[in-house]
Amino acid sequence: MNPEITTYIGYSASVFIVLSFILKDVRKIRVVNMIGCFCFIQVCHLLFGKKS
């Protein structure tokens with residue numbers, strides 16, 4: 001896997017988490033935070049996942 005893709009997904013995850021601190025509506029906070037957490041899970045999967 002290309003390391004640049006992992007870097008970009010990690011940066012986007014960080015942006016989503018920071019954005020969740022700015023929002024006021026609880027529903028929007030949870031949705032944005034869920035997207036950020038999903039991005040972090042994808043980064044971990046790409047970095048530490050089973051290599052074939």
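A residue counts as exposed when its relative accessible area is over 50%. By that cut-off Arg30, at 62%, is exposed. Arg30 sits in helix H2, and in this predicted model its C-alpha lies 26 Å from that of Phe48, a residue 18 places away in sequence.

Now for the overall picture. The protein chain has 2 helices and 0 strands. Its C-alpha trace spans about 45 × 15 × 10 Å along the principal axes. The radius of gyration comes out at 13 Å, whereas a compact globule of 52 residues would have one near 10 Å. As for burial, 17% of the 52 residues in the protein chain are buried.

The two helices are H1, covering residues 3-22, and H2, covering residues 26-48. Two packed helices are described by the angle between their axes and the distance between the axes. For H1 and H2 the angle is about 155 degrees and the axes are 8 Å apart. Angles over 145 degrees count as roughly antiparallel, so H1 is roughly antiparallel to H2. The crossing of H1 and H2 is left-handed.

On the H1 side, the contact is made by Thr6, Ile9, Gly10, Ser12, Ala13, Ser14, Phe16, Ile17, Leu19 and Ser20. H2 contributes Ile29, Val32, Asn33, Ile35, Gly36, Cys37, Cys39, Phe40, Gln42, Val43, Leu46 and Leu47. Sorted by chemistry, the residues of this contact split into 14 nonpolar and 8 polar, with no charged ones.

A few H1 residues show how the contact is put together, beginning with Ile9. Ile9 is found in helix H1 and counts as partly exposed, with a relative accessibility of 21%. Setting aside neighbours within four places in sequence, Ile9 is in contact with Cys39, Gln42, Val43 and Leu46. The C-alpha atoms of Ile9 and Gln42 are separated by 7.7 Å, although the two residues are 33 apart along the chain.

Next comes Gly10, also part of helix H1. Its relative accessible area is 14%, and the cut-off for buried is under 20%, so Gly10 is buried. Once neighbours within four places in sequence are left out, Gly10 is in contact with Phe40 and Val43. Gly10 and Phe40 are 30 residues apart along the chain, yet their C-alpha atoms are separated by 6.3 Å. Val43 thus turns up in the contact lists of both Ile9 and Gly10.

Further along helix H1 lies Phe16. With a relative accessibility of 27%, Phe16 counts as partly exposed. Not counting residues up to four places away in sequence, Phe16 touches Val32, Ile35, Gly36 and Cys39. Cys39 is also on the list for Ile9. Another pair worth noting is Phe16 and Phe38, which are 22 residues apart in sequence and 10 Å apart in space, C-alpha to C-alpha.

The last example is Ser20, again a residue of helix H1. Ser20 is buried, with a relative accessible area of 8%. Leaving out residues up to four places away in sequence, Ser20 touches Ile29, Val32 and Asn33. Val32 is a partner of Phe16 as well.

Read together, these residues trace the pairing of H1 with H2. Ile9 reaches Leu46, among others, while Ser20 reaches partners including Ile29. That fits the angle of about 155 degrees between the two helices, which makes H1 roughly antiparallel to H2.

Definitions and conventions:
Residues numbered from 1 in each chain as written. Predicted model: local features only at pLDDT ≥ 70, side-chain atom pairs only at ≥ 80, totals over all residues. Heavy atoms only, no water. Axes fitted to C-alpha atoms, helices over the stretch in contact; angles between N-to-C directions. Helix = DSSP H or I, 4+ residues; strand = E, 2+ residues; numbered from the N terminus. Parallel < 35°, antiparallel > 145°, perpendicular 65-115°, else oblique. Left-handed = near helix turned anticlockwise from the far one by under 90°. Contact = heavy atoms within 4.5 Å. Nonpolar A, V, L, I, M, F, W, Y, C, P; charged D, E, K, R; others polar. Rg over C-alpha atoms; globule rule 2.2 N^0.38 Å. Buried < 20%, exposed > 50% of the residue type's maximum accessible area, 1.4 Å probe, protein only.
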